[in-house]
Amino acid sequence: MVWSFKEWRRRRVTAGRELPQEAWQALVSGLPLLRGLDEEERSRLHDLALLFLDEKQFVAAGEMELVPEMALLVAVEACLPILNLGFSCYDGWVSVILYPGEFVPEHEYMDEAGVVHTVRDIRIGESWERGPMVLSWSDVSLSGEEDGVNVVIHECAHKLDMLNGGEANGFPPMHDGMKAEEWSRVFSDSYGRFCHQVDGGEQTALDPYAADSPGEFFAVTSEAFFETPQVLARDFPAVYRQLAKFYRQDPLVRFERGR
Ligand SMILES: [Zn+2]
């Protein structure tokens with residue numbers, strides 16, 4: 001094992017410290033997303049959320065009035081995907097920017113003729129490589145209700161996806177024991193099938209936005225993996241199995257346990 005100063009310091013940061021207990025207990029007992037976590041998992045989630053609040057900086061944007069419970073909800077939901085991956089997955093960026101609702105960032109791009117265009121897209125979340133995570137509070141506040149939609153988990157999936165550099169493309173770094181070819185085959189088959197369903201006007205349990213790109217398919221299936229694992233395992237069982245290997249979790253077991 002490699003001794004890491006950062007890990008040692010992080011253990012010291014959490015040792016003997018607690019999140020505000022009333023707010024933490026309210027989340028653990030009230031947020032459907034956390035149902036079925038055992039004692040030991042809750043305790044690790046607690047410590048990861050402490051680290052998140054310690055190391056990340058929350059910034060209010062627009063007319064946002066930030067209160068500690070908001071940061072706590074973001075921290076807890078952001079740490080669920082990395083429960084068995086470790087906090088170092090979120091190294092390299094600091095800011096979480098919260099808007100009260102949808103926001104409209106401006107992006108510039110240059111076309112083949114060298115003309116620069118400005119695009120304004122309405123967003124509820126955004127993640128920059130080695131940059132901030134931006135969230136709409138009104139959407140965060142509705143998350144965790146097991147409806148398959150979770151903007152925090154969505155943006156965190158993009159963050160994990162970008163760990164191997166470049167844009168979020170649906171191909172995050174694989175762990176030992178995972179096979180890159182298997183991941184690619186499963187995700188491209190499933191993405192193709194999903195796009196076909198959306199193009200054909202079929203009703204889909206997954207948010208149709210997943211058809212936007214392979215990166216969005218990974219982020220949207222990650223939301224479903226944690227929020228509605230029974231739906232993802234039914235509609236895209238092979239994707240569910242790959243995500244279980246990637247996140248090193250089996251939310252379906254928690255779902256059954258928590259019912
Ligand atoms: Zn996205």
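Tutor: A residue is buried under 20% relative accessible area, exposed over 50% and partly exposed in between (1.4 Å probe, protein chains only). The model is predicted: local features need pLDDT of at least 70, side-chain atom pairs count only at pLDDT 80 or more, and totals for chains, interfaces and linings use all residues. Residues are numbered from 1 along each chain as its sequence is written, and side-chain values use heavy atoms, with hydrogens and water left out.

Student: Which residues of helix α10 are buried?

Tutor: Helices are DSSP runs (H or I, at least four residues; strands are E, at least two), numbered from the N terminus. Helix α10 covers residues 237-247. Its buried residues are Val 239, Tyr 240, Gln 242, Leu 243, Ala 244, Phe 246 and Tyr 247.

Student: Which helices do the buried residues of α10 pack against?

Tutor: Contact here means heavy atoms within 4.5 Å. The buried residues of α10 pack against α6, α7 (180-199), α8 (214-227), α9 (229-235) and α11 (251-258).

Student: Which residues coordinate the zinc ion?

Tutor: Donors are N, O and S atoms within 2.8 Å of the metal (3.2 Å for Na, K and Ca). In this model the distances are 2.1 to 2.6 Å. In sequence the donor residues are spaced H-x3-H-x57-E. They are His 154 and His 158, each through NE2, and, through OE, Glu 216.

Student: In which helix do His 154 and His 158 lie?

Tutor: Both histidines are buried. They are 4 residues apart, about one turn of the helix. The helix, residues 151-161, is α6.

Student: What is the geometry of the zinc site?

Tutor: The angles among the 4 donor atoms run from 53 to 141°. Tetrahedral would need all angles between 85 and 135 degrees; square planar (four donors) or octahedral (six) would need opposite donors over 155 degrees apart and all others between 65 and 115. The site of the zinc ion is therefore irregular.

Student: Is Glu 126, which meets Arg 123 in a salt bridge, buried or exposed?

Tutor: A salt bridge puts a side-chain nitrogen of Lys or Arg within 4 Å of a carboxyl oxygen of Asp or Glu. Arg 123 and Glu 126 come to 2.6 Å, N to O, and with Asp 121 they form a network of salt bridges. Arg 123 is partly exposed at 23%. Because its relative accessibility is 7%, Glu 126 counts as buried.

Student: How many salt bridges does the structure hold?

Tutor: Helix α3 contains the residues of one of them, Arg 44 and Glu 40, whose side chains meet at 2.7 Å, N to O. In the structure, the number of salt bridges is 10.
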